[in-house]
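Let's take a walk through a protein together, with an eye on charged side chains and a metal site. Keep the picture open and follow along as we go.

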Amino acid sequence: MLNMNHIVGTHDIVMITLDTLRYDAAKLEEANCPNLCGSGGWEKRHSPGSFTYAAHHAFFGGFLPTPATTDKTAHVRLFHTKNTGLRTHPHTWLFDAPDLVSGLQEAGYRTVCIGGVIFFTKKNKLAKVLPGYFQESYWRMTFGVTNPRSAEHQVNHALKLLEKADPAQRLFLFLNISAMHGPNHYFVPGAKQDSVETQRAALRYVDSQLGVLFDAMRNRGKTLVLAFSDHGTAYGEDGYEGHRLAHEVVWNVPYREFILN
Ligand SMILES: [Zn+2]
């Protein structure tokens, strides 16, 4: 595993939540996602939440998706809060803050959120809670689920911030990518309904937009990328539709961590 005590402070960190992306859909597109899967395939993990709001509170608390294995020795966490009394792995980075985001801020990071789905819109008080973890947060209508070029708009916003960013200050850049969330049928011409097929097409589109972002991060220096889904979604399995419910198509999520080379 990565030794986070050698990464925090020396690397920028990009956390990307691929909102609603199912594990099975992600696996089927590995060969078509050179930016996300160029250095390896998706790991199967279990999400700590069945919908955006719950899952992101856990992530920002340092609880990333859990490896889908009964081998507890594989359940080493990258981040953990200090002073719990629990024994932690020597490669785990410990933060003395109520959440990971402010923990990274205390370690000198500039923390930036680029929102996507409804819980990041800042349009009402509840939709300000998750962006409120960050020093800076951004949301535009064009970043949301109804825009077929949402990922391009989100990435372009990040690029503009990176152009002006101090190269000496480490950056924690979080993006909630909205394209795989419903509606995603418009990624397949003629499709009338969301499905695994249309979500796969949305993922291919998202991957095609991430290359320029990763290049911009490479230009700044060393970068850790954490890319994973917050939850999947049901397309009729066992009669279920959507998420915020317990089903394997919801709790199984794709996960990757890699250093940009
Ligand atoms: Zn979500």
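Before we start, one term: a salt bridge is a side-chain nitrogen of Lys or Arg within 4 Å of a carboxyl oxygen of Asp or Glu. Keep in mind too that you are looking at a predicted model.

With that in hand, find Asp-215 and Arg-218, whose side chains form a salt bridge at 2.8 Å, N to O. Both sit in helix α7, and because they are three residues apart there, about one helical turn separates them. How buried or exposed are they? Asp-215 is partly exposed, at 42% relative accessible area, and Arg-218 is partly exposed as well, at 35%.

Helix α7, which covers residues 196-220, has another pair with that spacing: Glu-197 and Arg-200 are three residues apart, so about one helical turn lies between them. Their side chains meet in a salt bridge too, at 3.4 Å, N to O. Here the surroundings differ for the two partners: Glu-197 is partly exposed at 49% relative accessibility, whereas Arg-200 is buried at 17%. This pair isn't on its own, either, since Glu-29 and Arg-204 join Glu-197 and Arg-200 in a network of salt bridges.

How many salt bridges turn up in the whole structure? A search finds twelve. One of them pairs Arg-170 with Asp-12, at 2.9 Å, N to O. Arg-170 lies in the loop between α6 and β8, while Asp-12 belongs to strand β1, so this pair ties together parts that are 158 residues apart in sequence. Asp-12 counts as buried, with 0% relative accessibility, and Arg-170 counts as buried with 15%.

Now for the metal. Which residues hold the zinc ion? Asp-19, Thr-52, Asp-230 and His-231 coordinate the zinc ion, at 2.0 to 2.6 Å. Thr-52 is in helix α4 and Asp-230 is in the loop between β9 and β10, so these two tie together parts that are 178 residues apart in sequence. Thr-52 and Asp-230 are both buried.

Finally, head for the surface. Lys-122, Lys-125, Lys-128, Arg-140, Lys-160 and Lys-164 form a positive patch there. Take Lys-160 as an example: you'll find Lys-160 in helix α6, which runs over residues 150-164. Why does Lys-160 count as exposed? The cut-off for exposed is over 50% relative accessible area, and Lys-160 has 52%.

Note on methods: Residues numbered from 1 in each chain as written. Predicted model: local features only at pLDDT ≥ 70, side-chain atom pairs only at ≥ 80, totals over all residues. Heavy atoms only, no water. Patch = residues over 30% accessible without salt bridge, like charges linked within 9 Å, V, L, I, M, F, W, Y side chains within 5 Å. Areas by Shrake-Rupley, 256 points an atom, 1.4 Å probe, with all protein chains shown as cover. Lys, Arg positive; Asp, Glu negative; His and termini not counted. Charge placed at Lys NZ, Arg CZ, Asp CG, Glu CD. Helix = DSSP H or I, 4+ residues; strand = E, 2+ residues; numbered from the N terminus. Buried < 20%, exposed > 50% of the residue type's maximum accessible area, 1.4 Å probe, protein only. Donors = N, O, S within 2.8 Å, 3.2 Å for Na, K, Ca; no water.
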